[in-house]
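Biologist: Could you give me a close look at one of the sheets in this model, and then show me what lies around it and elsewhere? I would like to follow it strand by strand, so please take your time.

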Amino acid sequence: MVGDNATKFVSMKNEREAVVAGSNGIRIMDVHNMTGISERIGHVRASAVFCRNDSVYYGALNGLSVLVQPGNKVFSFADTSRLLQGSVRDIKEDNAGTMWVATDNGLIGMRGNRIVRHIAQADGLTSSNVRCIEVSDSLLWVGTDKGMNRVVLGGSQLHVTRYTQADGLASDIVNSILVDGDTIYAGTQEGITYFNRNLSDPYSRCDLRLLEVSINGRKADPANLPLLNYANNSIHLEYAALSYKSDGDITYYYRLREQDSAWRQSRQTSLDLISLPPGAYHLELYAVNRFGLKSAVLTIPLTVKTPFWQSIWFVPLAAAVLIALTWALIYWRLGIRRKKENAERMVARQLQELEQRPCARR
């Protein structure tokens, strides 16, 4: 077997057969007969391979494909999604049946040959250039070209713990990962680093502090915030989480309880709220450090004044004023008409008196 194929990846198809991916293609090897190769099933230069039933998923420089046996029919996922068009370096399956694909576009989760999850640098990974994956219980250990990541699976929110050279890795370029109980082995281009994954958590803390609040450009006392004007209520908040071992790798979550049911995520240490509608609000804020430790939730009460025309008393008062003005107008018009009628009667009476007066003799 030596000499004609640079081996890149090996995956067990069953107890007897192993699928070998290499520079000259994909082959099936009989592990009980090491003198030969039983079958060559693909000619593509493959970098990763994964077996599921009669299908062989393999990755190459041009994306992910699946080889369906018998017949060796090939289907390319690069034709269905741009996320699977780049280089594929590793393929693993978790306990829930999700197949995870390491690509240079991030970590791709697939179920039923459909993409159900995409995790990249924007979601907290040290890099979107994923080089290897290891599955352990409900955790994913992800190696990239800029460090290693522990990803907690489950739920819509992700909790990612990042490990880099600053934490003791021999190199930030992680090519392979092995989980043996509580011991994590990371294979890098500078050697192997291993550590107990439980050591970091007990010595980590995450304390969130509100540093400054400004309203319309002026500093305000966070403990005694004034009522906000409905027409001008620009609010600027600055905060920070104290977590000495996180090296600034902290994610913040916030929401306006009365408006948002879901938490919004940010890595910024400031927040701006502009033109809040009238009402009482509670801004909630918490932080999660690189080890997944959550701070206490910080609650900041905010109240925006209701303009007088939206007050409860405004409508009845406006109705009363309108009725009064209407009645005054009617009364004024009636008065004018009454004066006109009186003037007309006076003129008529004077004419009548003139008619009845005897004509003067000359």
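The answer below starts with one sheet and then moves on to a pocket, a second sheet, a cavity and two single residues.

Modeller: Gladly! Please keep in mind that this is a predicted model. Let us begin with the open sheet whose 4 strands come in the order 5-6-7-8, with antiparallel pairing. Strand 5 (48-52) and strand 8 are the edges of this sheet: each has a single partner strand, so one side of each is left without a neighbour in the sheet. From one strand to the next, the twist averages 20°.

Strand 7 (residues 63-68) is a good place to look inside the sheet. Strand 7 is mostly covered, with 5 of its 6 residues buried. On one hand, strand 7 runs antiparallel to strand 6 (residues 55-60), and 6 bridges join the two. These two strands make a hairpin, with 2 residues between them. You can trace the pairing through individual bridges: Val56 has Leu67 of strand 7 as its bridge partner, while Ala60 is paired with Gly63, also in strand 7. On the other hand, strand 7 pairs with strand 8 (residues 73-76) over 4 bridges, again in the antiparallel sense. There, Val66 stands opposite Phe75 of strand 8.

Ala60 also leads us out of the sheet, as Ala60 is among the residues that line the second largest pocket. That pocket holds about 170 Å³ of space. Besides Ala60, its lining consists of Lys8, Phe9, Arg45, Ala46, Ser47, Leu61, Ser87 and Arg89. Sorted by character, the lining residues divide into 4 nonpolar, 2 polar and 3 charged. If you plan to look at probe placement there, that mixture may be a handy thing to have in mind.

One of those lining residues, Arg89, takes us to a second open sheet, since its number falls within strand 9 (88-93). That sheet has 4 strands in the order 9-10-11-12, paired in the antiparallel sense. Strand 9 and strand 12 (114-119) are its edge strands, and each pairs on one side only. Ignoring direction, neighbouring strands of this sheet are turned by 25° against each other on average. Strand 9 pairs with strand 10 (residues 99-103) over 5 bridges, antiparallel. One of the bridge pairs to display is Val88 with Thr103, the latter in strand 10.

Next comes enclosed space. Rolling a probe the size of a water molecule over the atoms shows where empty space is left. The structure holds 1 cavity of 30 Å³ or more. The volume of the largest cavity is about 120 Å³. Its lining has 16 residues, and the closest to the cavity centre are Leu158, Val160, Thr251, Tyr253 and Arg267. Strand 16 (159-163) and strand 23 (251-256) are the elements that give two or more residues to this lining. Strand 16 gives the most, with 3 residues. The lining of the largest cavity divides into 5 nonpolar, 6 polar and 5 charged residues.

Two single residues round off the tour. What does the side chain of Glu284 contact? Glu284 lies in strand 26 (residues 279-288), and Glu284 counts as buried because its relative accessibility is 8%, where buried means under 20%. Its side chain makes a polar contact with the side chain of Arg255 at 2.8 Å. The side chain of Glu284 also makes a polar contact with the side chain of Arg257, at 3.0 Å. A buried acid with these two arginine contacts is one you may like to inspect on screen.

The other residue is Gly187, which has its place in strand 18 (residues 183-188). At 13% relative accessibility, Gly187 counts as buried too. Gly187 and Leu169 are 18 residues apart in sequence, and their C-alpha atoms are 9.3 Å apart in space.

How values were computed:
Residues are numbered from 1 along each chain as its sequence is written. This is a predicted model: local features need pLDDT of at least 70, side-chain atom pairs count only at pLDDT 80 or more; totals for chains, interfaces and linings use all residues. Side-chain values use heavy atoms; hydrogens and water are left out. On a 1 Å grid over the protein atoms alone, a cavity is a set of points where a 1.4 Å probe fits but cannot get out, and a pocket is an open set with protein on both sides within 12 Å along at least five of seven lines; lining residues have an atom within 4 Å of a point. Grid points are joined across faces, edges and corners, and a volume is the space filled by probe spheres set on the points. Ala, Val, Leu, Ile, Met, Phe, Trp, Tyr, Cys and Pro count as nonpolar, Asp, Glu, Lys and Arg as charged, and the others, Gly among them, as polar. Two strands pair if DSSP finds at least two bridges between them. Axes are lines fitted to C-alpha atoms, for helices over the stretch in contact, and angles run from 0 to 180 degrees between N-to-C directions. Buried means under 20% relative accessible area, exposed over 50%, partly exposed in between (1.4 Å probe, protein chains only). A polar contact is a pair of N or O atoms within 3.5 Å; within protein, one must be able to donate a hydrogen and the other to accept it, and residues adjacent in sequence count only if both atoms are side-chain atoms.
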